[in-house]
Amino acid sequence: MQSLTTPLFLIFALAVIGYYLAKSRAMQVAGGDIRGLVSLPHQHALNTALATVVPPTAAVLLFALYGRFADTGPSWLFTLVIMGLGVTGFALSLIGIKTNSRARIFAERWILGLLIFASSIAVMTTIGIVFSMLFETFNFFGQYDWRDFFFSLTWSPNFRGNSDLGIIPLLWGTLYVSFIALVFAVPVGLFAAIYLSEYASPRMRSIAKPAIEVLAGIPTIVYGLFALITVGPLLRDYFAEPMGLGQSASSVMTAGLVMGIMLIPFVSSLSDDIINAVPQAMRDGSLGLGATPSETIRQVVIPAALPGIVGAILLAASRAIGETMIVVLGAGAAARLSLNPFEAMTTVTVKIVSQLTGDTDFASPETLVAFALGLTLFVITLGLNVFALYIVRKYREQYE
Amino acid sequence: MKNSLLVTDARTKKRNAKEARFKAYGLSAIIVAMLALAVLLTSVVNNGMSAFQQTFITLQVPLPADKLDKVGNRDPADMAKVTTIGYNPILRDALVAEVERQGLTTELSAKDIGEMISKEASATVRDRVLANPDLVGQTVTFDILASGRIDGVFKGRVTMESAALDGNTSPEALILAQQLAEAGVIETKFNWNFFTAPDASDQRPEAAGLGVAILGSLYMMLVVLFLALPIGVASSIYLEEFAPKNRWTDLIEVNISNLAAVPSIVYGILGLAIFINFMEFNQSSPLVGGLVLTLMTLPTIIISTRAALKSVPPSIRDAALGVGASKMQSVFHHVLPLAAPGILTGTIIGLAQALGETAPLLLIGMVAFVREYPAAFSPESGLFGEASTALPVQVYNWTQRSDPAFVERASGAIITLLVFLLIMNAVAIYLRRRFERRW
Amino acid sequence: MEDMIHMDRAMSTQQDIKISARNVQVYYGDTHAIKDVSVEIDDKTVTAFIGPSGCGKSTFLRCINRMNDTIDIARVTGDIRIDNEDIYDPKVDPVQLRAKVGMVFQKPNPFPKSIYDNVAYGPKIHGLARNKADLDEIVEKSLRKAALWNEAKDRLDAPGTGLSGGQQQRLCIARAIATAPEVLLMDEPCSALDPIATAQVEELIDELRQSFSVVIVTHSMQQAARVSQKTAFFHLGNLVEYDDTDKIFTNPQDPRTESYISGRIG
Ligand SMILES: Nc1ncnc2c1ncn2[C@@H]1O[C@H](COP(=O)(O)OP(=O)(O)OP(=O)(O)O)[C@@H](O)[C@H]1O
Ligand SMILES: [Mg+2]
């Protein structure tokens, strides 16, 4: 990549020169009177600059995508090609400057091209995610039987080889932690949203709503540390040990509870939107029959909002399943299939981190398994998201 | 006679009790949420505030020429041959002498007294001496770091009981430290080094700082800003203003809303596979970190930019088109400037989100132990290519150390991170208030 | 002829007064929406509120079952009595009041539940049925009264939102009468209905008069003339004229009433 810095820099310099050259040439063609031009001088200038820069840069990016620089670096031929592209664009656009040339349209076409390129990056990201994981996952299944991966009940990697890499204990930990998080976050978030939208005075709303939203702005590493140094020891000393359920500060309960706190604002702000979308006429109808506000909420508003709320819960679930730092610091590292929530268990994301930050050989199944885990995680969360977004959208349309 | 309205019947009473209960649930939910926030913040602040204080020992250190400058020419190159090991006894003796001068008696051996000094101190003194060789031969007053255990005494972390069980210190050392503090030799001061010093090894938590992490985070934020903002704005403009309604744009739309919900760790896997393994960018570099965070924040920025563009009323576009501007001109001359505050707010919020993100950075090697300040540009590693770490990753790193003094460091780093986030969000809120426009 | 009118008068004064409002003022924040309205509404009578849009008909109607309580900025002063009991007395529970004073809204607003559950909702929350059979009976009776039974009896489990606009409105009426109210407030109940459905609802209103006192807001003068015995004309928050319907339409006392019913203002 380094050896391309110079030619790219030269091309940018050429573009700047082209900008000013084109401007003065346009003035010159017009004989000093810009009223004689179809396109203004700065439009010619822009066209020239873009024509000089865009094609070579595009070529470099394309080339970079092929990963050719990995071992050899660009050949002198390629350097020549991109310099040629730059100079061609420079020259053609300069020569093209006439009183009646439509530089504005050309310049706008360049810009539109750039805009389209920018918007395709989102798609390329998805493709990149899928392919990078698929590729290594295939590598992994070349070395490790996929049936063992999906159905084995033990996870015990061994860096001398012969590892057991079953995903089930990890999925169990993931789902258990997420379940506890949702059991905590859904009622709290939902009731908070209900209270804020149906009961709270404007004053209270103006204090409580931002305060809850602050929870959403706190990075997950903070929650992780909170789990590690406060919640974990607290649960161990006051619940797990007295009840004889375990001695570990990291546990499913620790991670679940803290993750639940993290999810409260997520659930409450989504539910708030959804509850507010239920038309007031519906509430009036119920209140007009002599229902109390809570009867109205429980029997009319919530049923009407149910699809939206289910969507919100699914989105929260997908959040919980993909969350990493809280479980890394709060749940533990031992893969275990157990029902005791005060025991340390581990999750898919924890293992992705530990397998990819260890010192094992990159080509070994112990490392590659992380990609299979990542792909599984991606598929699960994507499924949940697509489904949830679909439900929520359908729900919104109903009241539009 | 029919039921009077003025007396509440039994059934209504029951229903009203239910109503009150329901309302109480709602209120308790809010209280639970607020309480969680309060406990979280208090816990972090309680654990972390002490990281901004550090215990120093003021020592008069004689710098003997025969030990520090054996050649005798005051040439730093020659003097550098004396490693920190050569400085250790000098500092130890200075502290022993100080104890005697204060007239304090202790059962501690000279070696034990020396352990009250941070292992980092000799390096600090050596650097000072090498920077200024003329100090050799004089007696110079230094503020040197006390060891982590002694530091802990003044922060309540180390007590007589814990010291008795601790191989690295003893109750006698605590007593001596307290006596020295009364004599004014040991002092606890504001710890600027916490923001500037690089990380330190497992044995010297007292010297660990956030310098490299802050620099690394700053570099990454620059990368994110310079990539995510233009790309995000460009793609929003295309999708909002130019895109025809067809399969392709539908695909992009669905894509973006789903990308916003992809777990962040997946972006780390992407970064590892594409940027490091495939394109062979440097591991642990802010460039790769910035690229990963860019892809991660892009959906956020696109979503808020599109909202900002959407809120500019169509009449503005029509007005521009009406005077003969092209579609592109109407967008760039009129719509974009009007949407700018909204875009900026969204960008800052996206940056704040990126600043706090940890998981993907772990996978691209930013968790490594880095003591060198990374350069923004170097000929070998290119732009932002030198190994670095980042604020949230440094927190994670410190939580993995065994010495409990690192808990304080990690919490202090969190406070620092939260302060940065607070500032960014405050700026965003200010911008929104200042430029908010009602059409 | 003279005698006839006289007898009419005598009859109407004989009737029980169900609702009596005195010096009612309503404010929405700073807007004074109802200005010192006093009116007495008879039992077992249909009373129509007419007047130009925005004159406060709905607002006044909503005062009678305290639906205005649900609007934060609304403030009601004055004295409204039902059966001589002050409904704004602090001891009165609006929930109990609304069971007694039902309401049908301008836009049909069925709950997103089955037809059966829509009608059963009121009886359930007020505990009017001892068992399922009771409830079934109430539902059937209400639907019959609302002239919806024939259309709905085979699809009681279908969602109420799946009905047509006119059917939905009749469902809302059935829902309101299922709670056995003593007063039924109807805010432009026919504005979303076709002429046939309107005729059905009007017939229904006439029938309801046997058991309830009905107050109906309408923009249709013909409708007011057809269904009501008494008519109140509102204008800019004032109650301009209140009298027997025949009288209002044949011989209005106030020039504003006259120009409104002859179509000159409104
Ligand atoms: N919720 C409210 N907040 C503020 N002002 C209101 C509210 N509801 C009604 N108003 C105002 O009170 C006045 C009376 O409104 P109301 O709805 O009672 O009129 P109306 O006679 O029912 O009209 P229409 O025939 O159009 O239904 C109007 O000026 C209206 O703007
Ligand atoms: Mg009205």
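Student: I'd like to learn how to read an interface. What area is buried between chain C and chain A?

Tutor: Keep in mind that this is a predicted model. Buried area is what two parts lose on being put together, summed over both. Here chain C and chain A bury about 1,600 Å² between them, and carbon and sulfur atoms give 64% of that area.

Student: Which residues of chain C lose the most area to chain A?

Tutor: Look for Pro112(C), Tyr121(C) and Ile125(C), which together make up 30% of what the chain C side buries.

Student: And how many residues does the contact take from each chain?

Tutor: You'll find 22 residues from chain C and 17 residues from chain A.

Student: Next, charges and polar atoms. How many salt bridges and how many polar contacts are there between chain C and chain A?

Tutor: Count the two kinds separately. The rule finds zero salt bridges across this interface, but four residue pairs are in polar contact, both residues at pLDDT 80 or more.

Student: Which helices and strands of chain C should I click on for this side?

Tutor: Try helix H3 (94-100), strand S6 (101-104), helix H4 (115-126) and helix H7 (165-178) of chain C, each of which supplies at least two residues to the side that touches chain A. Sorted by class, that side of chain C has twelve nonpolar, six polar and four charged residues.

Student: Now the contact of chain B with chain A. How many residues take part?

Tutor: Read it in the same order: residues, area, then pairs. Chain B brings 78 residues and chain A brings 82. The area buried between chain B and chain A is about 6,600 Å², with 79% of it from carbon and sulfur atoms.

Student: What salt bridge does the rule find there?

Tutor: There is one across this interface. Glu295(A) pairs with Arg15(B), and their closest N and O atoms are 2.8 Å apart. The pair counts because the cut-off for a salt bridge is 4 Å. The interface of chain B and chain A also has nine residue pairs in polar contact, both at pLDDT 80 or more.

Student: Which helix of chain B gives the most to the side that touches chain A?

Tutor: That's helix H1 (residues 10-48) of chain B, with 22 residues. By class, the side of chain B that touches chain A divides into 54 nonpolar, 18 polar and six charged residues.

Student: Can I read domains within one chain in a similar way? Where are the domains of chain A?

Tutor: Treat each domain as a part. Domain 1 of chain A covers 2-139 and domain 2 covers 155-398, and their centres, taken over C-alpha atoms, are 46 Å apart. Eight residues of domain 1 are in contact with seven residues of domain 2. The two domains of chain A bury about 650 Å² between them, 85% of it on carbon and sulfur atoms. Met133(A), Glu136(A) and Thr137(A) supply 67% of the area that domain 1 buries against domain 2, more than any other three residues.

Student: How many salt bridges lie between these two domains of chain A?

Tutor: Zero. There is one residue pair in polar contact between domain 1 and domain 2 of chain A, both at pLDDT 80 or more.

Student: Last one: which residues are closest to ligand 1?

Tutor: Start with the neighbours, then check atom pairs. Ligand 1 is surrounded by 13 residues, the closest being Ser53(C), Gly54(C), Ser58(C), Thr59(C) and His219(C). A polar side-chain atom of Ser58(C) lies 2.6 Å from an oxygen atom of ligand 1, and for His219(C) that distance is 2.7 Å. An N or O atom in the side chain of Glu188(C) is 3.3 Å from an oxygen atom of ligand 1.

Definitions and conventions: Residues numbered from 1 in each chain as written. Chains lettered and ligands numbered in written order. Predicted model: local features only at pLDDT ≥ 70, side-chain atom pairs only at ≥ 80, totals over all residues. Heavy atoms only, no water. Contact = heavy atoms within 4.5 Å. Buried area = accessible area lost by both parts, 1.4 Å probe. Salt bridge = Lys/Arg side-chain N within 4 Å of Asp/Glu carboxyl O. Polar contact = N/O pair within 3.5 Å; in protein donor to acceptor, adjacent residues only side chain to side chain. Helix = DSSP H or I, 4+ residues; strand = E, 2+ residues; numbered from the N terminus. Nonpolar A, V, L, I, M, F, W, Y, C, P; charged D, E, K, R; others polar. Domains from an automatic or database assignment. Near = heavy atom within 4 Å.
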